[in-house]
Each structure stands twice: as C-alpha cells, then as structure tokens.
Amino acid sequence: MLWGAVLTEALVIRGLNKTFAKPAVSDLDLTVRAGELYALLGPNGAGKTTTLRMVAGLTQPDAGEIAIFGVDARKDPSAAKALLAWAPDEAMIYDKLTPLEYLEFVAGLWNIDPRAAKAKAEELLTTLGLASEARRRCEGFSRGMKQKVALAGALIHDPKLLILDEPLTGLDAAAARLVKDMLQARVDAGGTVILTTHILEVAERMADRIGIIAGGRLLAEGTLEELRSRAGEASGRTLEDVFLQLTAEAQA
Amino acid sequence: MSLPFKPASTPWLLAHEMRLAWRGVSAGRKSSGVGSIIAFAILGAFALAGGVFLAIATKGHEVPITPFAVIIVDMVLAVILTLMLSTTLAAAANALYERGDLDLLFSSPLSPRKVLFVRALGLAVGAGFWFVLPATLLLTPAILMGHPHWAGVFGVLVAAALAASGFGLLLAMALFALIGPRRTRTVAQVMAALIGAAFFLASQYRNLMGEKASESLFTRIALDVKDGRIQPPPFADLPLRAAVGQPIPLLILMAIGLGLFLFAARVLGRRFADAAAATQGAETRKAAKGPVRDFAAGAFRATLRKELRLISRDAALLSQVLLRVLYMVPLALVMARSAAHMPVWALAGPAAAVTFLAGQVAGSLVWITVSAEDTPDLLAISPTPIGVLNRAKLAAALIPVAGLLVAPIAVLAWYAPLAGLWTALGSGLTAWTAGLIGVWRQKPGKRADFKRRRGGSFLSALAELFIATLIGGATALAVAGLLVWAVIPLIIAGALMMALRRSDEQIAAALRAASATSN
C-alpha cells in the first residue's frame, strides 16, 4: 500500500538502504504526514543527512522506495523534485550573485513565472530582513545572512515539502526566532517541513512528531509524549533525556 | 607525515608552506596521478637528453663574453623575470586574502615577522622552482662534463626569484595603498597577466606599430648588437658573467636579489600583516542602484544569465582570458597586414592560430561554467533536466568567445572574405567541440582551481588539444584553397568527438558517482 492513500502522506520511505564504506542507512521505514513539522534527530553519523540527500535525489539509494506526495522519487525524479526544497546546513548560494539574482536563478530552475517570482523574492527578502541587502553581492555576508538567502531560495517556489538540514546553524537568536516563526507559519498554512537539528529544544517545542535515528535505523517515532512512554520516561522529562536513553540503548 | 624540522623554526614553517603549495598543485588529481607522473617523466627525459646533447656539443668550448652573448642572456633573464614577477604578484595579492591561514598563524606564538618572512620565501621558492627544475636537467650533464662553473646559472635563477618575490610584494602593497583592499586582488591578477604577456607583446611591437618587419623586437636587438649598431649598456654583462660562474658578478646579483627580497619581507612585513587584516570585509560592495531588472523566464535563460554574471565577476578568469586576448591582438594585426599585402595562402597560419585559440578560450570558459559550478547540489535537486542546464552553460561559455573573435575575423573578412568565412567556421567549430568535450567529460572542481582545470582529466585535455589542432589544420587548408584536403582532419576530429560523446544520462550518472565519492 506504499503508493495508495498518499495524499495525506508527504513522504513515505520504505526499506531504504545505503552503504558507503559501511552501512549509512539500513532498512529505513519512515512516514511524514502532510501538514506536519517532522524533526529527525540522531547523533553524529546516524544517517540523517544521507537519508535526506536520498529523498532530495542527491544520493542514489542502494535499495528501497521513496514517495513524495505519491510521486515515486526514483522513477520520476523531476516530478518529485518539483514538489520539494532542500536547504542543507552549508548555504547553497553564489558569493558573486546578489540575493535577488540568486532568487531569480532558483526561480528559473523551478520554472516559476518571472513576475510572480520577482514579487515573491522581494517579499521573502523583506520578511527575512534582507531587503536592504537585496542588491549587494553575497560575498560579504555573514554565515547567518547566507543561511537566510538560502532559505529564501528554498521557499521561492513554494514547495509542498521543505527539507532543512540544521537550519538554525549560524543564526543569531533573532534570526533563529524569525526562521522558527516562518517554519511554524508554513506548517500552519498546510505546508510540510522536515528538519534535522542538534538543538533538541527546537524539536521539542516545534515538532508535531519526532523520529530518532541511529546507525541508519529508525529507533523510535512519534509525538514527544509517545516517545516518553516508549522510553519509559515519566511525563515531564525532557526530549534530551528520552533521546539520550534511546540512543544509548541502541549503542549498547 | 610530520615535518623533519624543529617545530616553529623557519625551516619547519617553510616546509609547511611548501607542503601546502605541493598539495595545491596535486589537488583534484587522482590519488596516484600516474598520467601526470608519466608526462613529467617524458618531459624530464627530453630535457635530460637535451642536456646531454648540450654537454657534448659544448665540451671544450667556453661561452664567449661578447656583446651578442651578453644581450641574449639579458633578454632571456628579462623574460624569466617577467614570468616570475607575474607569478609572485598574483600570489602576493592572494596571500593577503587567505584569511583563515593568516589568522591562525598570527594568533599563534610565532612572531609575525617570521611568518611573513617565510611566506615571502615561499613566494620565491614557488617562482624559482619551475625554472630551477628544467635548468637542473639541462645543465647538470654539462656541469659534470667539464663546465662546473655553469652552476652559476642556479645562482642567477635564485637571485631572480628573490628579486621577483620582493618586487611582487612591493607591487601588491603599493596597489593596496593606492586602490584599497577590495580592488587589489582583481587589479593584481590583471596586472600579473599583463606582465606575463609583456615579453610577448614587446616582441610583437613592430607588428603592433604597423612596421613591415618579419622579425621580432628581440631578434632585431640581437642582430643590431651583433652587427655593432648598438652597444649593450654598462653592467649588462653581469648576468652572463654570473651565469658562467664569475664570483664577483654572481655575488653582486645575489646581493641585489637578496636585498630586494629582505627589504620587502622585513621592512614591509608589518604593513603586510596590517593590510591582510584590513582585507576582512573588504569584499563588501555598494548595493546596485536603479530599477530591478525583470527576472529571466525559464531555466535556460535564468542559468544563462547567472553564468554570464559569474563570468563577468570572476577576476582570475578575466585575467586569464585577457592573457589570451593579448596573444590574439598581434595575431589579428599580422592577419590584417598579410591580408592587405600578401597572397591569401599566407593567412593560413594565423587563421589556424585564431581557430586554435578560440578552442582554448572556450575550453576554459566551459570548465568554469560546467565543472566549477559552486552549488552542484542546488542544480541536482531542481526539476530542470541536466541537458537544459548544460546547454545554457555551454551557451554562456561560447558567447564571450564569439565576442572575442569578432575583431580578428572582421578584419580578415574585410580583406579576404572567403578566408574570413573559413576562419569564422573553424573557430566556431573548435569552440563548440571544446565546449562539448567540457560538457561530456565534466568533473566537479572549484573555481579557485581554474588554472589547473584539467587536473583530473588528462585524456580529455589531450583530446581537446588534438581536436583543436585538427580543426585549426583544416581551417588553414581551407584558407589556403585546399578544400578537399581540409576534409580529412575534420573526419578524424568528428570520429574522436563520437568516441568522447556522453548522453545526458551518462553525464548525470558520472556526476552522481563523483558526488558519492566526495561524500
């Protein structure tokens, strides 16, 4: 039933495998519902980024199936890519372009109507506090500013599924709050967001559901309360306690 | 591997610099670099064979200290110095901007004076290496077979490298003071290209000035000196005397080189550190003014526009292209003169040269647009087919080439329309084939690695050169009126292109494999 009843499922992963020198992802099953903010947590080297790179079509899986809003991402990658955006922790931008020029290019890649794209670009840059920098080359920008430009690029084509790998890296407190608010607003408006983060407090406060991954396998998945009960933790314990317990059990 | 010197000593720091420089040269190559090793070994063997021949031919003979010999050595040294200065100026300007490296060194307990002295010494070693290495192969047999005093050549080369690095540092600092941190790197790179081409332009000045002479400036000077029409200036014999091992001239040259180097490295050292610190944030430009341009429609146009913007904003790339344009200017003038005064077959050589250069420029630009993509992941996650992106990138690379070719071909077409047509077709074909090879055989690289763009693809580079030569030859034959013969090299070039061809799927698979390796 992988490809049935898919409209309520933004992302379905079944039996995903990837091995480099050693297995990075092993028989991973994962489902992200449409309209939710899903946080994928795990220690360093757990397979989070590899999983998301396979979803984004950047890494070929050895085996398994990936469906994005019912579209088979392995059989019809272009249609799947049209639905999603990917923003890694290292901003994918060009130092020699201005934010506006960058957004023009990204909009072109997703074949967005130029007029609509221009208006959307100006709106995004204003929202992200970059309006005054819109026509200055990115080479002099701070890491946080570059992250914001990359985020604008991810949003310019209004993706149904937004995948963010450590989106708050390098952002100051105000910018981090701004990004969190934008993501929340996106989810409230029906969008779907998957993010990885090492800041467990962010996942605890923002995520509808949380997946914990280690050694390329999904250890646990659910709401915070479900994870607590799965770990046998009393209500009121933090996500950090749950996370550490589950990953310690996996490593034991 | 740890360095075999006392930590924090000058030799230890220099060895560190040399290690980084070597890894910079070898970066991007396959782990073994077998192709490069074989190529170097063959070149080395040729140089050594030449050295043995030289040793046998000069056995029992001494170099005469005549005005003719003096002027020849002076001119060779001038060429070497300009090439060394070109290298050291660009390297000195870049050193100012290598923030992470300098920050680490300056924040360590090492004295800034020592850090800068070693960095300057690194410039000299880097500039001298490529001349000392072939000189060693060429001269060692002669030195061992009766001319031990010719070892003085190494002293001259070391003095030249020291002087060039000192002068390069001084020039970089002067630019920094005159035009500020933001423009220094760009201007220094363009200046380095101009200095690198200076000896060529000087040699072609008679062509540039429109004098009807077939020999270069250097040949003219040498002949005038030989015939006694002009005398070398005072002390012009110092380099020759030093090269043949006379101690006083050698000491004088070494003292000049070392003095210039020490002055730049020691006296300007502190200012260099301050200048390096001032480059932080220097990349910030004023925001553009005026109305915002409409966005490009569709992936092809957006990619084309983006690539043209990036090409026009890449100082290192522009300096390299400028260098090739400088080589085209005398060529165009030679063509104009030949077209006006000589039979049409005399244009065959220049037409072939223009055709060949068009391929070289196109190959460089395609490498920048295709292989040196800054954000390959962004393109890979987009729904745009790779074929569309590659076509846009190829178009972006060929547009500037077309711009460069307009002048020489227009001049040619004015005097000899048919020759102009064949040259235009040949140049367009060479540029297009070089571009296609760049697209088909792309390997991810970094813009900063532009100068050694073929580091990981030796066979592609060879094929590109060979095909450009074939098409250049076909163009020459067509211009000379031998149309039927021109078909033969074109058929060979076509067959080679068919062998090199890759489909979009094959390109995508190769890129995925490269991406998997890098991850």
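Reader: Starting with chain A, what share of its 252 residues count as buried?
Author: In this predicted model, 50% of the 252 residues of chain A count as buried.

Reader: And chain B, what percentage is buried there?
Author: In chain B, which has 519 residues, the buried ones make up 38%.

Reader: Back to A, how many helices and strands does it have?
Author: Chain A contains nine helices and 10 strands. Its radius of gyration is 18 Å, close to the 18 Å that the globule rule gives for 252 residues, so chain A is as compact as a globular protein of that length. Taken along the principal axes, the box filled by its C-alpha atoms is roughly 55 × 40 × 35 Å.

Reader: What's the strand order in the sheet of six?
Author: The six strands form an open sheet in chain A, ordered E6-E7-E8-E3-E9-E10, and the pairing is mixed. Strand E6 (84-87) and strand E10 (217-222) of chain A stand at the edges with a single partner strand each, so one side of each has no neighbour in the sheet. On average, and with direction ignored, neighbouring strands of this sheet are turned by 15 degrees against each other.

Reader: How many bridges hold E9 to E10 in chain A?
Author: Five bridges join strand E9 (residues 209-214) of chain A to E10(A), and the two strands run antiparallel. To give one pair you can look up in the structure, Ile213(A) has Leu218(A) in E10(A) as its bridge partner.

Reader: Which helices sit against that sheet?
Author: Helix H1 (residues 48-55) of chain A packs on the sheet, where it touches strand E3 (37-41), strand E7 (161-165), strand E8 (192-196) and E9 of chain A, with a direction that makes about 150 degrees with that of E7(A). Helix H8 (residues 224-231) of chain A lies across E9 and E10 of chain A and runs at about 120 degrees to E10(A).

Reader: Ok, now the four-stranded sheet, what's the order and pairing there?
Author: That one is an open sheet of chain A as well, with the order E2-E1-E4-E5 and antiparallel pairing. Strand E2 (23-33) and E5 of chain A are at its edges and have a single partner strand each, so one side of each is left without a neighbour in the sheet.

Reader: Does H1 come into this one too, I mean, which strands here does H1(A) touch?
Author: H1(A) packs on this sheet by touching E1, E2 and E4 of chain A, and its direction makes about 115 degrees with that of E1(A).

Reader: Going strand by strand, how many bridges are there between E1(A) and E2(A)?
Author: E1(A) and E2(A) pair over seven bridges in the antiparallel sense, and within E2(A) the residue bridged to Leu11(A) is Val32(A). Strand E1 (residues 9-19) of chain A is also joined by five bridges to strand E4 (residues 63-68) of chain A, again running antiparallel, and there Asn17(A) has Ala63(A) as its bridge partner in E4(A).

Reader: Then what links E4(A) and E5(A)?
Author: E4(A) and E5(A) form a hairpin with two residues between them, and in the turn Phe69(A) has a positive phi of about 50 degrees. Two bridges join E4(A) to strand E5 (residues 71-72) of chain A, running antiparallel, with Val71(A) of E5(A) as the bridge partner of Ile68(A).

Reader: Switching to chain B, how many helices and strands?
Author: Chain B has 21 helices and zero strands. Of its contacts between residues at least 6 apart in sequence, 82% join residues at least 24 apart.

Reader: Where is confidence lowest in chain B, and where highest?
Author: The lowest is in helix H8 (residues 205-209) of chain B, with a mean of 60, and the highest is in helix H13 (residues 298-312) of chain B, at 94. For chain B the mean pLDDT is 82, and 84% of its residues reach 70 or more. For the complex, the predictor gives an ipTM of 0.85 and a pTM of 0.76.

Reader: Last topic, the interface: how many residues of each chain are in contact?
Author: There are 33 residues of chain A in contact with 33 residues of chain B. On the side of chain A that touches chain B, helix H2 (77-81), helix H3 (99-109) and helix H4 (114-127) of chain A each supply at least two residues, and the largest share, seven residues, comes from H3(A). By class, that side of chain A has 16 nonpolar, eight polar and nine charged residues.

Technical notes
Residues are numbered from 1 along each chain as its sequence is written. Chains are lettered from A and ligands numbered from 1 in the order in which they are written. This is a predicted model: local features need pLDDT of at least 70, side-chain atom pairs count only at pLDDT 80 or more; totals for chains, interfaces and linings use all residues. Two residues are in contact if their C-beta atoms, placed from the backbone, lie within 7 Å. Ala, Val, Leu, Ile, Met, Phe, Trp, Tyr, Cys and Pro count as nonpolar, Asp, Glu, Lys and Arg as charged, and the others, Gly among them, as polar. Two strands pair if DSSP finds at least two bridges between them. Axes are lines fitted to C-alpha atoms, for helices over the stretch in contact, and angles run from 0 to 180 degrees between N-to-C directions. The radius of gyration is taken over C-alpha atoms; the globule rule is 2.2 Å times the number of residues to the power 0.38. A residue is buried if 20 or more other C-beta atoms lie within 10 Å of its own, exposed if 12 or fewer, and partly exposed in between; C-beta atoms are placed from the backbone. pLDDT is the predictor's confidence in each residue, from 0 to 100.
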